[in-house]
Amino acid sequence: MAMRLELRLERSRKLEVLVPVVSVLLSLVVCAVLLLSTGTNPLTAYGAMLKEAFGTSYGFGEVLVKATPLILCGLGVMLAFKMMFWNIGAEGQLHMGAWGATAVVMTGWDASAWLMIPAMMLGGFAAGALWALIPAYLKVKLNTNEIITTLLLNYVAILWVAHFIYGPWKDPTSFGFPMTKQFPDGAQLLRFGDSRVHLGLVFALLIAVALYFIQEKSRWGFEIAVTGSNPRAAEYAGMNAGRNILLVMLLSGGLAGIAGMVEVSGIQLKLLKDISPHAAPYGYTAIIIAWLARRNPWGVVLVSILMGGLYVGGETVQITMKLPVNIVLIIQALILFFVLGGDILSRYRLVFDRKEALSGG
Amino acid sequence: MEGSLLILVVPILQAAVRSGTPILFVCIGEIYAERSGILNVGLEGLMLVGAIAGFTAGFSAGNPVVGVFAAAIAGALFSLIHAYVTITLRADQIVSGLTLTILGTGISGFFGKPMIGQVGPGFDQIAIPGLSKIPVLGQVLFQQDAMVYLSFVLVPIAWWVMYKTHLGLSIRSVGENPATADSLGVSVTKVRYGCVLFGGAMAGLGGAYLSLAYTTMWIEQMSGGRGWITLALVIFAAWNPARAMLGAYLFGGADALQLRIQAVGIEIPTYFLMMLPYVLTIGILVLASRASLRRRIGAPAALALPYAREER
Amino acid sequence: MVGGNKIAVALSGITKRFPGVIANDQVDLELLEGEIHTLLGENGAGKSTLMNVLTGIYRPDAGTISIWGKAVQLENPKDAIEQGIGMVHQSFKLVPTHTVTENIVLGLGRGLAPVKIEEAQTKVAELSAQYGVKVDPAAYVWQLSIGEQQRVEILKILFRGAKILLLDEPTAVLTPQEADELFVTLRSMRAKGHSIVFISHKLDEVMAISDRVTVLRGGKNVGTVLVKDTNPQSLSNLMVGREIKFATFPRKEALGDPVLEVEGVHALNSRGLPALRDITFSVAAGEILGFAGVAGNGQQELAEVITGLLEPTAGSVRVNGVDMTRESARRFIDAGVSYVPADRHGVATVADMSLSHNFVLRRYREPKFAKGPFLNFAAAVGYARRLIKEFNISTPSHATPIRSLSGGNLQKVILAREMTTRHRLLVVMSATRGLDVGATEFVRETLNEHRHKGRAIVLISEDLEELLSLTNRIAVLFHGEIMGILDADKAEIASLGLMMAGQAQAEVA
């Protein structure tokens, strides 16, 4: 008996809902095995993670804090993936955005928040966008593989930021820690109540709404979808792929840049190392988010909040149960693998060839 | 005058070979995978899994050779995920590879936790009698560790298998036109599984070189982008194992040079120097893509495309 | 030739289903030793599927196969090769970046066994001489003409010592003269005892080359006859199930102004090699200009140049008197140039998108389908509903993804879209390839109707009968050059054939 895949004419709706749910459960089961191998009770660990992330208002506030840059990066990556441009450089674009926003502060310009914050956003957007335009331009002009260029530029961007915080921008009073001085009040994003949730979340949600209209309803969004689905048909339809790649990457990198800006202006209040968590960088998680969300803006918001929960839960068990924080990455990756496999089942049907059928007819 | 220049240059070249070797292993493996039509962008994750598996096994056994075997096996097993998802389930190869990198980073960090700060067994430099006495080349090529010599043996074998044997002909055909190979009785699935697993084993070796020879310890995310650099070098090498050697040592040269300049203390900011290997790789990639635009040659025709016989 | 020979292949009760269709329905077939047996049928009748079953590429859902009297299970192509069965597919199974000999020895050795390339080359040369199949064993496949590539396919089978050859529409890609050469080869193979299955839907060829004919219709075997006992008309009736005759459509007498004027155009193909050389012609309103030629002689590049998808390296393209040589595809669309590409899945439609989206694929910027920067989706749906009805497209709804449509319906979607714009020029490539008789007639009538409405039409086709019945004039392309332009009334298949093989009009006349 042999097993093979047969294309379904219509995708299975039921499976499209079922696949992500089952994938999350399966990845938790696999991760449980890993946890057991280190002598930890996985149920205790999962319970603690869930309770911390979604059981307390402080915890949920922290979830939203993590979700904010994830939504922004995720939306940017989503847009690029929609046209099958493999931007895996959100991490670098986020770093450049943080740098660009900080550069505005470092000019020593003394302005009210009403001017300062928009200027920093512009700085963050521009720096992220320019960084993303490098691979986009190389792709359009020379057909250079964007997976490699966007990714390698992440390393360069991180070193670029390191240069400034170890060098010219280093706060002389920081006892040798690589960071800038704390930003003046005018350069800090408004926070809500006594939580760390800041105005960046509102920006992120507004941008999600805007992107919904751009991507799903506009004629330009139609161009992006056609280009992503069948580039030769896009050319046939008179769409300019090169121009669209540049525009999409401008937005994609710009959004990641804004993510960097809100991180320094809303959370860190200064530029420093690891503005994105070292163990599970936002820019990489954004790739998983965009894919799990099936390149849908509402999906990006939802999945980002769930991933935010995973971050908060992961940090909790790292502190309270001394578990390696790497389980966050492991769970993320496992979910995506199961969804990848599950997606195939919603597009194809598993068929078992029976030998006896051959002699039956 | 010339003598003093040599004293300066020879150690850099020697370091270039050392620094290029892990990439060379990974590059040969990826060339095989891509020649068979499977793009594996999960090299970074595979190297990390190889590095921690090699280090843990080598450390426990007190013998680096055990570590090398463990790393190759771990790399092959880990790449089995990619093979299953992309060959059998025909999922997107890029997404699967990215996920493999993320998973590899997570898993290596998870199992590497207890190994942080340990010093493991390593490969010593062995001067090859006779050959190491050749001026310049002797010191550059023949005063190295056993894994470097292993790579010297592997490259010609990989080249010979690829271009001179039936296996190589099958691999190249499967990557160019799987339907053709299939119609002549070559199993596309077997060839692809074989190449991906071999690629995984080689990436494991590349990782092991980092934790057993280049250093003798485990550091989280110690591959530092070498997996991604390898992807660029595969293109630079035009999918030819012999040219991979050139590319790997070129990168190794940049790496060695930036470390050396830092040590000498020349007035270039450290972090800009550290960018050198990445920027150089992007530059190489740009040159390679310009060349392929001009000569209209490129990747294997079926690269990253799933193959299904009965689809109509 | 037939009587008393051994049975090489016996298929009985072969059934093969694909999602939504039965490609083969309990088919029986016998192939004798030393016979040329034609499998005749329309596109979609199940000929290729049946042959793919016999080469182990598809596994049948039911039925048995026996080779030389022994029941066999063909699990994969390897099994078929071991049984001495070889097939020349419609789209050649060759690796273009390998040499002829490398292609031939592929799959003949295992593992680390070295490829003995010189030895193999000698043997290939011997076989070429023996069967009169000329080809350079050391050449790269991408350097070869289509006819030569077909010879490599045949050598590949002979090299493996196969006695049973299957040829899937081998003449579709050949000039009439090349086809005659192929027939000489096939006859010499028959004389040496090979058994040959020849797939075709061209009746004159069938009568010329085969001993027996089996007709497939709708996946079923509807009869096996000796060629000497039959005639083209009764074969045609069997094949189609009713009588057909291809009418010559009335031309329009008074032509309008030139709509498309092409002068001295040169262009490169995607590999950077010259594909069009000094192309000059014009098409007037109310005229259909046909382009004949063997596939790969510059047709694709020609279509792309006159629709703005490929920029010529020299010469000029004028539409409605306006120079459009350097303009983008978008400007061509705006200027009223419609285009029905040959590649319906790969170029003309987006498989994952709905009918509605595909109907506005080239029209989404028109005010009718726009609301400011947004797409007026309601208008697109209304338009889709109207066209589905008007063109009688069978689909569950306007929201169905286009990938689930059959070939004929897909082509209707493309034609409907391209013909309901206010176009002045219509460029149509391989419009009826792969369509059944009903759909083919529909397409031809629609094209004729648009000619009479005063549109200019460029019809690129490999089907000479179609060109003769539909066009005003026929231009012949060979190696990217126009060999001549003939009035369709006066053109003959024989002289078109010579021009398709590279003789200029003056030499032919």
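Begin by selecting helix α10 of chain A, residues 241-268, in this predicted model: at 1.5 Å a residue its 28 residues should span 40 Å, and because the end C-alpha atoms are 39 Å apart, the expected and computed spans agree. If you colour the helix by burial, you will find α10(A) mostly covered, with 21 of its 28 residues buried. Step just past the end of the helix to Leu269(A), which takes a positive phi of about 65°.

Next, show chains A and B together and select the residues where they touch, a contact that takes 40 residues from chain B and 40 residues from chain A. On the side of chain B that touches chain A, the elements giving two or more residues are α3 (64-88), α4 (93-112), α10 (226-236) and α12 (270-295) of chain B. Helix α12(B) is the one to highlight, since the largest share of that side, 13 residues, comes from it. Coloured by class, the same side of chain B shows 28 nonpolar, eight polar and four charged residues.

Now turn to the contact between chains A and C, which takes 23 residues from chain A and 35 residues from chain C. On the side of chain A that touches chain C, two or more residues come from each of β1 (2-7), α8 (219-229), α9 (231-236) and α14 (356-360) of chain A. Of these, α8(A) provides the largest share, five residues, and the class colouring of this side of chain A gives 10 nonpolar, seven polar and six charged residues.

For the interior, select the largest nonpolar core, which has 374 residues; those with the most contacts inside it are Cys73(A), Ile330(A), Cys27(B), Leu233(B), Val428(C), Val458(C) and Val476(C). Helix α9 of chain B, residues 188-214, contributes the largest share of this core, 15 residues. Centre the view on Cys27(B) and, leaving aside residues up to four places away in sequence, you will see that Cys27(B) touches Thr230(B), Leu233(B), Val234(B), Ala237(B), Ala244(B), Gly247(B) and Ala248(B).

Moving to chain C, colour it by the domain assignment, which gives domain 1 (7-240), domain 2 (246-336 + 422-509) and domain 3 (351-421). The C-alpha centres of domain 2 and domain 3 of chain C lie 26 Å apart, and the contact between them takes 11 residues from domain 2 and eight residues from domain 3. Helix α15 of chain C, residues 437-452, gives the most to the domain 2 side of that contact, with four residues, while the residues of this side divide into five nonpolar, four polar and two charged.

Select then the open sheet of four strands in chain C, whose order is β12-β11-β14-β15 and whose pairing is antiparallel. Its edge strands are β12 (274-284) and β15 (322-323) of chain C, each of which pairs on one side only. Strands β11 (residues 258-268) and β14 (residues 314-319) of chain C pair in the antiparallel sense over five bridges, and the bridge partner of Glu261(C) in β14(C) is Arg318(C).

Finish at Ala23(C), which lies in strand β2 of chain C, residues 21-32, and which counts as buried because 25 C-beta neighbours are found inside 10 Å. Apart from residues up to four places away in sequence, Ala23(C) touches Lys16(C), Arg17(C), Phe18(C), Gly46(C), Thr49(C) and Gly219(C). As a last distance to draw, Ala23(C) and Leu415(C) are 26 Å apart in space, C-alpha to C-alpha, and 392 residues apart in sequence.

Definitions and conventions: Residues are numbered from 1 along each chain as its sequence is written. Chains are lettered from A and ligands numbered from 1 in the order in which they are written. This is a predicted model: local features need pLDDT of at least 70, side-chain atom pairs count only at pLDDT 80 or more; totals for chains, interfaces and linings use all residues. A nonpolar core is a set of buried Ala, Val, Leu, Ile, Met, Phe, Trp, Tyr and Cys residues joined through C-beta atoms within 7 Å. A residue is buried if 20 or more other C-beta atoms lie within 10 Å of its own, exposed if 12 or fewer, and partly exposed in between; C-beta atoms are placed from the backbone. Two residues are in contact if their C-beta atoms, placed from the backbone, lie within 7 Å. Ala, Val, Leu, Ile, Met, Phe, Trp, Tyr, Cys and Pro count as nonpolar, Asp, Glu, Lys and Arg as charged, and the others, Gly among them, as polar. Two strands pair if DSSP finds at least two bridges between them. Domain bounds come from an automatic or database domain assignment. The expected span of a helix is 1.5 Å times one less than its number of residues.
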